[in-house]
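I opened my notebook on a new model today and went through it topic by topic. Here are my entries, in the order I made them.

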Amino acid sequence: MNYLSAENLSKSTGERWLFRNITFGLSKGDKVALVGRNGTGKTSLMDVLAGLQSAEEGTISIRKEVRLGYLSQNPALDENQTVLDILFLGDSPLLQAIRSYEKALVDGNDQEISDAAEEMEAQKAWDYESKVKQVLGRLGVAEANFTKLIGQLSGGQRKRVALAKVLLEEPDLLILDEPTNHLDLEAIEWLENYLGTANTTLLLVTHDRYFLDRVCTEILELADGSIYRYKGNYSYFLERQSERYASEASSVDKAQNLLRKELEWMRRQPKARGTKAQYRVDAFYDLQDKANQGRKESNVELNIGMARLGSKIIELEHMKKSFGEQKIVDDFEYVFRRRERIGIVGKNGVGKSTFLDILTGEQAADSGQISVGETVRFGYYTQSEPTFLPGQRVIDVVKDIAEVVTLGSGETITASQFLQHFLFEPKRQYTDVEKLSGGEKRRLQLLQVLIKNPNFLILDEPTNDLDIQTLNVLEDYLLQFSGCLVLVSHDRYFMDRLVEHLFVFEGKGKIRDFPGNYTDYRESLSNAAPVEVAKPKVEAPKADSAQPAPVANKRKLSFKEQKELESLEKEIPDLENQRAVLTEQMNSGESDYQQIAIWAKEIEEINNLLEEKEFRWMELSE
């Protein structure tokens, strides 16, 4: 069943066409991702489909009975309404049933109450309030915010409320623009599972590659003003896209070879009293257009110089920070080392951004000592929306920082050349910043950070609104970066590829240093669950010893068991000594984190082995 049809759609910004004459459709049950570079018109296309913008040409048809839900990048919510009020407003049959029932109760008409109650039952609306609170909780909206006005919330909190509203309305067709922005990792995993299993039709834009692979079964690529459709997930799309590029390149090569022959014919004068055949002249110009369609591969180039970094970087001693009764950091100590790649994870509101602000000196700690080396030069990419002066042009943003930029090779280039490395062509450089897309503004914000040649990079949610191609290049640059990297990101693929260990914000000021990337951390949580259940079994013999059974019930150990007991009494101290040595090596700070990760795994294995042997020793000794 066809839910949505778009035919011959065209949309321009006034200066250039974003897309022309594109045609596609969505059928019931489709789960489709829209991908493309920043500035190609993805958000404009979704706004057109949702009716928020109009196209210059083409038509959009949505099946009459189909209800559409749309989450925009910057959702507009009534700032004078509370969070719960917003979620109880809407035209869905369920919300209409709730309002009818509440009105019937006020009117006091028994028949109306009875009819409204039947409709509530039909819509399964009795537990709607508990469902609202459950979804808000899953998306990271704290219960303390339920009664707050929308105007009192941060931009990220508003986006989460808007997402909750769209999901709770349970539309037939969901259109979501960057739904994972401003969600913590647990919320993303919940949303991924929800959308992957829900019986709904979906069109979304996201840069989260794990999310694309696990939720979407089709990819729409918006490129060069056209649209291409691929049946399969994101991994399949990458394979087919490469094949398409190769095929296009082959066709262009053939056209260019044929063009050389036709060009000779065009240059020859016609025979006396003759004229050149018009059909062949027309064919020549068509061939010329095709030959000139060579794909101009343009990628962001990151080859930025880095200021020299001394041996002393940052040392934290007994650092504490609280807001009232909420502890953000409680007695944290750490010494940063060269080439460290640290990821930071934790729920929204636990204090990750505050911690970064303390590192850079933008906020002060309540107590403790923060010692920053003399050579440290911070580059701090923040979550906050980039702000630019009214009427400021792209090139002015760079020139306000530096007229000349030093690359990693030592070569110097002009501000204009540097902008071209970031895919801002000369004509685009003189565009007002306010006319850029959200992703282009984020790319410009990243450029502002890197142009200063930092050696200690702090990136707070750098993946928001950046296209996947830019993220791939950024990842490659960060892998070669020889300074320190501290990264907060909800993009699991990005974290897995870049970080070597994590600062896990567990709440109440506790920060745990975990050796490994995000996937390692999630697996450790999964593996830890059975251990929690097994603990009472280890303590069971102690409980029995409090009320010892009669001596007559005890039996003598067999010869084999006696030997095993004696062996355990030697093995347990040996394992404890091994653990102590490894722990001392880890705390010495003289090795890189690859070696530390190996030691940490050995310690974990020793702990598991000790637990087994101690439990067996207790059994035998009892």
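**Entry 1: a sheet and its helix**

I began with strand E10 (residues 314–323), which pairs with E13 in the antiparallel sense over five bridges. I kept in mind throughout that this is a predicted model. For one pair in register, I looked up Leu-316 and found that its bridge partner in E13 is Ile-370.

Next I asked in what order the strands of this open sheet run. The three strands are ordered E11-E10-E13, with antiparallel pairing. Strand E11 (326–335) and strand E13 (367–372) are the edge strands, each pairing on one side only. I also noted the twist: neighbouring strands here are turned by 20 degrees against each other on average, direction ignored.

Then I checked what packs on the sheet. Helix H11 (residues 352–360) lies across E10, E11 and E13, and runs at about 135 degrees to E10.

**Entry 2: nonpolar cores**

I turned to the cores with a familiar thought: in soluble globular proteins, nonpolar side chains tend to be buried together. The largest nonpolar core here has 52 residues, and the members touching the most others are Leu-87, Leu-136, Val-161, Leu-176 and Leu-195. Which helix gives this core its largest share? I found helix H6 (residues 155–168), with seven residues.

I picked Leu-195 for a closer look. Leaving aside neighbours within four places in sequence, Leu-195 is in contact with Lys-31, Leu-167, Leu-174, Leu-176, Leu-202, Phe-211 and Val-215. Apart from this core lies another, of 44 residues, including Tyr-381, Leu-459, Leu-485 and Leu-502.

**Entry 3: salt bridges**

I counted 25 salt bridges and followed three of them.

The first I wrote down joins the side chains of Arg-229 and Asp-30, at 3.6 Å from N to O. Arg-229 lies in strand E9 (residues 226–231) and Asp-30 in the loop between strand E2 (17–27) and strand E3 (31–35), so this pair ties together parts that are 199 residues apart in sequence. Are the two partners buried or exposed? Arg-229 is partly exposed, at 35% relative accessible area, while Asp-30 is buried, at 13%.

My next pair was Arg-492 and Glu-192, whose closest N and O atoms are 2.6 Å apart. Because Arg-492 lies in helix H17 (residues 492–498) and Glu-192 in helix H7 (residues 185–197), the bridge ties together parts that are 300 residues apart in sequence. Both Arg-492 and Glu-192 are buried.

I then looked at Glu-475 and Arg-209, again a salt bridge, with the closest N and O atoms 2.6 Å apart. Glu-475 belongs to helix H16 (residues 468–480) and Arg-209 to helix H8 (residues 209–215), so here the parts tied together are 266 residues apart in sequence. Glu-475 is buried with a relative accessible area of 0%, and Arg-209 is buried with 6%. Which residues share a network with this pair? I traced salt bridges with shared partners through Arg-209, Glu-475, Asp-476, Asp-491 and Arg-497, which they join into one network.

**Entry 4: cysteines**

Last, I asked how many disulfides the structure holds. The count is zero. I looked up two cysteines as well: Cys-216 counts as buried at 2% relative accessibility, and Cys-484 counts as buried at 1%. I closed the notebook there.

Definitions and conventions:
Residues are numbered from 1 along each chain as its sequence is written. This is a predicted model: local features need pLDDT of at least 70, side-chain atom pairs count only at pLDDT 80 or more; totals for chains, interfaces and linings use all residues. Side-chain values use heavy atoms; hydrogens and water are left out. A nonpolar core is a set of buried Ala, Val, Leu, Ile, Met, Phe, Trp, Tyr and Cys residues joined through side-chain atoms within 4.5 Å. Buried means under 20% relative accessible area, exposed over 50%, partly exposed in between (1.4 Å probe, protein chains only). Helices (H or I, at least four residues) and strands (E, at least two) are DSSP runs, numbered from the N terminus. Contact means heavy atoms within 4.5 Å. A salt bridge is a side-chain nitrogen of Lys or Arg within 4 Å of a carboxyl oxygen of Asp or Glu. Two strands pair if DSSP finds at least two bridges between them. Axes are lines fitted to C-alpha atoms, for helices over the stretch in contact, and angles run from 0 to 180 degrees between N-to-C directions. A disulfide is a pair of cysteine sulfur atoms within 2.5 Å.
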